[in-house]
Amino acid sequence: MKKVNWGIIGLGGIAEVFSDAFDEAENAQLLAVASREPKKLDYFKDRFNLENKFLFNNYEDLILCSEVDIVYIALPNSLHHRWIIECIKNKKNILV
């Protein structure tokens, strides 16, 4: 069974809680994360055993990553519209 590769933009508390669920998922995995805060990227890398090539310091690069199947937008509500549009333009599935 192919796993669905998830990416998350915005690494606040809800993103961490959401990411914990991948331990229980058989058909999905957290592949990539994006944040403008290097400490959060380092934390997620260590906590969820992510590869360096899937740590992005800008949201656009995660959305453009061909290996990401679906993007969870874990940003404040006021930022959702912009990033939803970017995901749609790049044919990414979205969870908001």
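Here are some numbered notes on this structure, for anyone meeting it without background.

1. First, keep in mind that this is a predicted model. The protein chain is built from four helices and five strands. Reading from the N terminus, these elements go β-α-β-α-β-α-β-α-β.

2. Now the overall dimensions. The chain has 96 residues, and a compact globule of that length would have a radius of gyration near 12 Å; the protein chain comes out at 12 Å, so the two agree. Along the principal axes, the C-alpha atoms fill a box of roughly 35 × 30 × 25 Å. As for burial, 42% of the 96 residues count as buried. The exposed surface is about 5800 Å², with carbon and sulfur atoms supplying 50% of it. Take the contacts between residues at least 6 apart in sequence: 56% of those join residues at least 24 apart.

3. The sheet is a good place to start looking. It is an open one, made of five strands in the order 3-2-1-4-5, with parallel pairing. Strand 3 (55-56) and strand 5 (93-95) sit at the edges with a single partner strand each, so one side of each has no neighbour in the sheet. As background, strands of a sheet pair through backbone hydrogen bonds, in either a parallel or an antiparallel way.

4. Strand 1 (4-9) deserves a closer look. Five of its six residues are buried, so the rest of the structure largely encloses strand 1. Six bridges pair it with strand 2 in the parallel sense, and N5 stands opposite Q29 there. Strand 1 is also joined to strand 4 by four bridges, again running parallel; here G7 has V71 as its bridge partner.

5. Which residues does V4 touch, once its neighbours within four places in sequence are set aside? V4 belongs to strand 1, and its contacts are N27, A28, Q29, D69 and I70. The C-alpha atoms of V4 and N27 are separated by 6.1 Å, although the two residues are 23 apart along the chain. V4 counts as partly exposed because its relative accessibility is 34%, and that class covers values between 20% and 50%.

6. Moving outward from strand 2 (residues 28-34), two bridges join it to strand 3, and the two run parallel. One of the pairs to find on screen is A34 with its bridge partner F56 in strand 3.

7. Helix 1 comes next. Together with strand 1 and strand 2, helix 1 makes a right-handed β-α-β unit. Helix 1 covers residues 13-20, and S19 lies in it. Is S19 buried or exposed? S19 is buried: its relative accessible area is 1%, and the cut-off for that label is under 20%. Apart from neighbours within four places in sequence, S19 is in contact with I8, L30, F44 and F48.

8. Two more helices can be placed against the sheet. Helix 2 (residues 38-48) lies across strand 2 and strand 3, and runs at about 160° to strand 2. Helix 4 (residues 80-89) lies across strand 1, strand 4 (70-73) and strand 5, and its angle to strand 4 is about 175°.

Terms used
Residues are numbered from 1 along each chain as its sequence is written. This is a predicted model: local features need pLDDT of at least 70, side-chain atom pairs count only at pLDDT 80 or more; totals for chains, interfaces and linings use all residues. Side-chain values use heavy atoms; hydrogens and water are left out. Two strands pair if DSSP finds at least two bridges between them. Contact means heavy atoms within 4.5 Å. Axes are lines fitted to C-alpha atoms, for helices over the stretch in contact, and angles run from 0 to 180 degrees between N-to-C directions. The radius of gyration is taken over C-alpha atoms; the globule rule is 2.2 Å times the number of residues to the power 0.38. Buried means under 20% relative accessible area, exposed over 50%, partly exposed in between (1.4 Å probe, protein chains only). Accessible areas come from the Shrake-Rupley method with a 1.4 Å probe; for residues, only the protein chains shown count as cover. A crossover is right-handed if, with the strands pointing away from the viewer, the path from the first strand over the helix to the second runs clockwise.
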